[in-house]
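I opened my notebook today to look up a few things in a structure. Come along and check each entry with me.

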Amino acid sequence: MAAVSQGAERLDPDLTPLLDVVMQLIMFFMMCINFVNEQVNANVLLPTSTSAQELPPKTEADILVINIEVERQEKKDAAGKVMFDSRGLALRELKLYPRREAPDSLQRKTKILFAGQKPIEFLEEQEGSGLSQAQLALVRVAKDRRAAIKRSNSKMANVPVDKIQLSESVIIRADMETRYGLVIRLMGQCAKEGFPKINFRVNRAAQQ
Amino acid sequence: MARRHRIAFKAESEFNSTAVFITPMLDMAFQLLTFFVFTYHPSQLEVQFPVSLAAAEAGGEKRPPPDKKPSPVEATKPPPVVSVIARAVDAKGKAVKGRLGTLELRISGTTEKLIRVSDGSETDERYDDLLRARLAELEDELKRVKKERLQSEDRLLMQAGYSLRWDESMRVFDSCRKTKDKNGRETELFPKIELDTLPLRQPGS
């Protein structure tokens with residue numbers, strides 16, 4: 001670039017290396033980007049496990065992902081005022097460290113999301129009804145999938161819908177703070193509906 | 001007038017120049033970079049594994065495939081010999097809900113070992129240490145029992161309390177599945193584990 005000679009000299013930085021670095025970064029993120037399966041919810045904090053294997057290189061064509069998200073919220077008293085933690089920890093700190101718990105001031109809201117269904121949200125005290133809603137939703141999903149298989153396969157035109165076998169795997173991505181029983185009940189419902197395989201998704205444990 | 005003439009001349013010469021305007025290009029490059037930074041998801045860290053439920057109590061007997069009778073082998077499959085029962089702490093007072101209270105190892109219905117883990121009132125660091133130590137104890141016990149009394153194809157039934165945290169239950173699952181020998185190599189303990197919940201009215205559920 002031409003420097004304008006009017007008294008003080010202008011120093012124009014050489015932008016070429018900057019552009020090169022920017023292009024390298026763009027290439028890196030383009031290669032690494034993974035337009036993740038819509039069914040996966042990034043808000044779920046998965047536990048770690050050493051029992052798990054690598055994801056199969058090709059994603060199965062028909063999978064049903066059940067996301068169970070747990071969100072910590074400030075509890076409010078009867079007057080609607082936020083209850084503060086007796087140890088003086090701010091909500092932000094409590095949220096960052098899932099193990100630290102302040103039973104007095106926090107409540108958990110569980111959200112179950114899958115297959116384009118409306119999210120099912122409930123607090124701990126309403127878990128029974130939340131679970132029932134989720135089970136009913138699974139029944140609907142299984143019925144819809146069977147109906148879709150029947151429509152797409154002409155050989156099954158004369159087969160009753162409830163006798164059609166499902167081939168989809170179920171993948172359960174449960175937040176680390178989910179209650180064990182909730183996950184098992186949902187698994188039970190999936191097995192009842194005839195889903196042949198159920199998998200858990202976890203984070204890879206660090207090598208020790 | 002002369003100054004305006006000079007500015008006009010300068011502007012005109014800039015337009016006649018073949019130099020490239022880099023500023024808009026940089027702007028676009030940063031826009032692209034910002035887009036990819038915000039949409040980047042490190043999802044490759046996720047891994048998965050298949051699981052199976054114990055029959056009945058977990059709320060789901062597997063629906064048999066249509067028009068297929070269960071094979072005689074499946075119908076007479078005996079229940080697992082080994083069971084590990086993980087009970088959650090009683091959620092009373094300041095006890096932290098969802099923590100692991102006790103671990104019980106049963107062989108054919110008889111309690112082989114009962115390990116007390118936590119009463120829920122420890123600090124996080126102390127609880128983590130306790131959990132690690134108690135799970136190591138469970139692994140040692142399972143190794144001993146498998147070596148002395150069991151066959152290689154035996155399955156394990158893992159029953160846990162309803163209110164046990166998912167994270168904790170995964171750690172118990174891992175301890176039942178694999179262990180490390182003296183040289184740090186992983187060995188399989190029970191590759192086939194069936195999951196179940198404790199009946200709701202039982203302590204620790």
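**Entry 1: an arginine in chain A**

In which helix of chain A is the place of A:Arg146? I found A:Arg146 in helix α3 of chain A. I keep in mind that I am reading a predicted model.

Next I asked whether A:Arg146 is buried or exposed. The relative accessible area of A:Arg146 is 6%. Buried means under 20%, so I wrote down A:Arg146 as buried.

I also looked up A:Arg146 against A:Ala115. They are 31 residues apart in sequence, and their C-alpha atoms are 14 Å apart in space.

**Entry 2: chain A as a whole**

I then stepped back to chain A. I noted 4 helices and 6 strands for its secondary structure. Reading from the N terminus on, I wrote the order of elements as α-β-β-α-β-β-α-β-α-β. Chain A has 208 residues, and buried residues make up 41% of them.

**Entry 3: cysteines**

How many disulfides are there over all chains? My count came to 0 disulfides over all chains. I looked up two cysteines anyway. A:Cys190 has 0% relative accessibility, so I entered A:Cys190 as buried. B:Cys176 is buried too, with a relative accessible area of 0%.

**Entry 4: aromatic rings**

I turned to the rings. A pair of aromatic rings is described by the distance of the centres and the angle of the planes, so those are the two values I wrote down for each pair. How many aromatic pairs does the structure hold over all chains? I noted 5 aromatic pairs over all chains.

One of them is A:Phe200 with B:Trp166, an edge-to-face pair with 4.8 Å centre to centre and 90° between the planes. A:Phe200 belongs to strand β6 (residues 197-204) of chain A, while B:Trp166 belongs to helix α5 (residues 166-177) of chain B, so this pair joins two chains. I found both A:Phe200 and B:Trp166 buried.

The next pair I looked up is B:Phe49 with B:Phe173. The rings of B:Phe49 and B:Phe173 are stacked, at 5.2 Å centre to centre and 25° between the planes. This pair links distant parts of the chain: B:Phe49 is in strand β1 (residues 46-53) of chain B and B:Phe173 is in helix α5 of chain B, 124 residues apart. Both B:Phe49 and B:Phe173 are buried.

I checked B:Phe49 on its own as well. Its relative accessible area is 0%, so B:Phe49 counts as buried. From B:Phe49 to B:Glu137 I noted 88 residues in sequence and 25 Å in space, C-alpha to C-alpha.

Which residues form one aromatic cluster? I listed A:Tyr180, A:Phe200, B:Phe49, B:Trp166 and B:Phe173.

**Entry 5: charges over rings**

I looked for charged side chains over rings in chain B. B:Arg99 lies over the face of B:Tyr127, 4.3 Å from the ring centre. I also found the charged end of B:Lys146 over the ring of B:Phe190, at 5.5 Å from its centre.

**Entry 6: helices that cross**

Here I compared axes. In chain B, helix α4 (residues 124-149) and α5(B) have axes that come within 9 Å and cross at roughly 30°. Angles under 35 degrees count as roughly parallel, so I entered α4(B) and α5(B) as roughly parallel to each other. Their crossing is right-handed.

In chain A, I took helix α3 (residues 127-152) and helix α4 (residues 180-192). Their axes come within 10 Å and cross at roughly 25°. That makes α3(A) roughly parallel to α4(A). I noted a right-handed crossing where α3(A) passes α4(A).

For helices from two chains, I looked up helix α1 (residues 16-32) of chain A and helix α2 (residues 22-39) of chain B. The axes come within 9 Å and cross at roughly 30°, and α1(A) and α2(B) are therefore roughly parallel to each other. Is the crossing of α1(A) and α2(B) left-handed or right-handed? I wrote down left-handed.

**Entry 7: a serine in a loop**

My last look-up was B:Ser108. B:Ser108 is not a glycine, yet I noted a positive phi of about 50°. I found B:Ser108 in the loop between β3 (100-107) and β4 (110-116) of chain B. B:Ser108 has 57% relative accessibility, so I entered B:Ser108 as exposed.

Conventions:
Residues numbered from 1 in each chain as written. Chains lettered and ligands numbered in written order. Predicted model: local features only at pLDDT ≥ 70, side-chain atom pairs only at ≥ 80, totals over all residues. Heavy atoms only, no water. Disulfide = S-S within 2.5 Å. Buried < 20%, exposed > 50% of the residue type's maximum accessible area, 1.4 Å probe, protein only. Phe/Tyr/Trp six-rings, centres within 6.5 Å; stacked < 30°, edge-to-face > 60°. Lys NZ or Arg CZ within 6 Å of the ring centre and 35° of its normal. Axes fitted to C-alpha atoms, helices over the stretch in contact; angles between N-to-C directions. Parallel < 35°, antiparallel > 145°, perpendicular 65-115°, else oblique. Left-handed = near helix turned anticlockwise from the far one by under 90°.
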